[in-house]
Each structure stands twice: as C-alpha cells, then as structure tokens.
Amino acid sequence: IVDKPSGLPVDPPRDGSLSLENHLQALMFGFKRWPTAVHRLDRDTSGCLLLARNPKAHARFQQAFEAKDVVKHYLAVVEGVPEAKSGVIDLPLAKRSSAEAGWRMVVDTKKGKAAVTAWEMVAEYEGRTLIRFIPETGRTHQIRVHAAEGLGFPIVGDPVYGKADVPMLLHSAFLSVPRDGKPPVEATAPLPESFAKAGFSLAS
C-alpha cells in the first residue's frame, strides 16, 4: 500500500505527463516485475493505494474489492456544515458526457448503478467540515458526487462538482484488505499538508 500524492494519476494520461507508472520501477524491491494497481484513486485524490506484486495476487485482491470485503475510509473537507452529525447516502450513479462539459457522474435513480456511502462529521472550522466517508460500493467519483448531491456540499477544490480554486481536499486515509488465513493488509495515510492549510491538521 502506497501513499499516493494528490496530482499524480494512476493511469498514464493522454498528454504523456507523469503517472504512477513512472514510479513503479522504484517499487519493485528486488522482485522481477513491476507491481500493478488493484484499484483507482482520482488524480486529485491522495492516500492509500493498493498495489499487487503478481497477477495472482492482483486477481485475489480485486475479488475482495468486488465482494465489498475491503474497508476504505476517506477524509474530505466540504464547503459547509451538515445539519446531521452522520448518515448514509444512497444515490445510484451513472456516467454522462457532453461536448460542452466533458464527462461526469450524475445521480440517476432509474438507470444508475447502486452507490452507498456512510459518513460522519470529524471536525468543523470556519464554515467547513472535515468528514469521514466510508463507501460500501466503489463507483467512479462516488464520494465526490455524494458529497455534492447527498450532503449538498461539494468537496473543497473539486474541479468537476465544486470549485477548482484550491487543491481538492479528498484523502484515502485508511485501507484494510482481508487475506485468507493471514491478518488483513492495513495502512493509514497521514493527512496531507493541504488539509493543515485549511485548518484541519490535527483531525484523523
């Protein structure tokens, strides 16, 4: 499990700029093949990313994700303060694209795929809230859309569902992946400096 920095895409971008692939050789640690990412984090999302050393492990871990056996905790700062302290957002999501706006995920109760996210308030500061999101499903942009549409407050710095005026404050803080007959693979990634600049340095 590596702590991916914000701004680094997992997949190589079309413009040829740097991605996770450019760093895989440094993560071989004596093995003969490059590790591969088991799941995805958005370019602007930082934190825990699981890599597999070989195809067999990759398939096994991917099955754990598909079976919803993986526990994921995200921390995000949203533009506002929810009335409730915690809750569950259940809004199906579908992909939409247009020539003007490009592609994005939208709430679609008829044709969308199931998307469920539990959440709880962690801290509040100057009209913004640090929230722990615990997704039960793994849809593209799930937490970002659920924050904007389910809570009514987009994530700070979200370039698609909010305002891209600062770096997006969405962080994969904790990951736990089960293993047969062994303790789970677990990791916690500390909050990046961008959260401290927003006044949320001590929360976890």
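User: In which loop does Lys68 lie?

Analyst: This is a predicted model, in which local features need pLDDT of at least 70, side-chain atom pairs count only at pLDDT 80 or more, and totals for chains, interfaces and linings use all residues. Residues are numbered from 1 along each chain as its sequence is written, and side-chain values use heavy atoms, with hydrogens and water left out. Helices (DSSP runs of H or I, at least four residues) and strands (runs of E, at least two) are numbered from the N terminus. Lys68 lies in the loop between helix H1 (55-66) and S5.

User: Is Lys68 buried or exposed?

Analyst: Phi of Lys68 is near 65 degrees, a positive value in a residue other than glycine. Buried means under 20% relative accessible area, exposed over 50%, and partly exposed in between (1.4 Å probe, protein chains only). With 56% relative accessibility, Lys68 is therefore exposed.

User: Which residue in the turn of the S9-S10 hairpin has a positive phi?

Analyst: S9 and S10 run antiparallel and are joined by 8 bridges; strands pair if DSSP finds at least two bridges between them. The hairpin that they form has 2 residues between the strands. One residue of the loop between S9 and S10 is exposed, at 70% relative accessible area. The residue with a positive phi, about 50 degrees, is Glu126.

User: How many residues of S10 are buried?

Analyst: S10 pairs with S9, where Ala118 has Ile134 as its bridge partner. S10 is also joined to S5, antiparallel, by 5 bridges, and Val77 stands opposite Leu130 there. The strand is mostly covered, and of its 8 residues the number buried is 6.

User: Which elements give two or more residues to the largest nonpolar core?

Analyst: A nonpolar core is a set of buried Ala, Val, Leu, Ile, Met, Phe, Trp, Tyr and Cys residues joined through side-chain atoms within 4.5 Å. The largest has 22 residues, and those with the most contacts inside it are Leu20, Leu51, Trp119, Phe133, Ile155 and Leu170. The elements are strand S5 (71-78), strand S9 (116-125), strand S10 (128-135) and helix H2 (142-151).

User: How many residues are in the core that lies apart from the largest one?

Analyst: Members of this other core include Ala57, Phe61, Val177 and Ala187. Phe61 also has Arg60 over its face, at 5.7 Å from the ring centre; the rule asks for NZ of Lys or CZ of Arg within 6 Å of the ring centre and within 35 degrees of the ring normal. The number of residues in this core is 13.

User: What relative accessibility does Ser172 have?

Analyst: Ser172 is placed in strand S11 (residues 170-179). Beyond its neighbours within four places in sequence, Ser172 is in contact (heavy atoms within 4.5 Å) with residues including Leu41, Cys48, His73, Tyr74 and Ala189. Ser172 counts as buried, with a relative accessibility of 1%.

User: Why is the pair of Tyr125 and Phe200 edge-to-face?

Analyst: Rings of Phe, Tyr and Trp (its six-membered ring) pair if their centres lie within 6.5 Å, with planes under 30 degrees apart counted as stacked, over 60 as edge-to-face and the rest as tilted. Tyr125 is in strand S9 and Phe200 in the segment after helix H3 (193-197), 75 residues apart. Tyr125 is partly exposed at 38%, whereas Phe200 is buried at 2%. The ring centres are 6.1 Å apart, and the pair is edge-to-face because the planes stand at 80 degrees.

User: Which residue forms a salt bridge with Arg128?

Analyst: A salt bridge needs a side-chain nitrogen of Lys or Arg within 4 Å of a carboxyl oxygen of Asp or Glu, and the count here comes to 6. Arg128, in strand S10, is tied to the loop between S5 and strand S6 (86-90), 49 residues apart in sequence. The N to O distance is 3.2 Å, and the partner is Glu79.

User: Which residues are linked in a network of salt bridges?

Analyst: One salt bridge joins Asp158 and Arg144 (2.8 Å, N to O). Asp158 lies in the loop between H2 and S11 and Arg144 in helix H2, so the pair ties together parts 14 residues apart in sequence. Both Asp158 and Arg144 are buried. The network consists of Asp42, Arg144 and Asp158.
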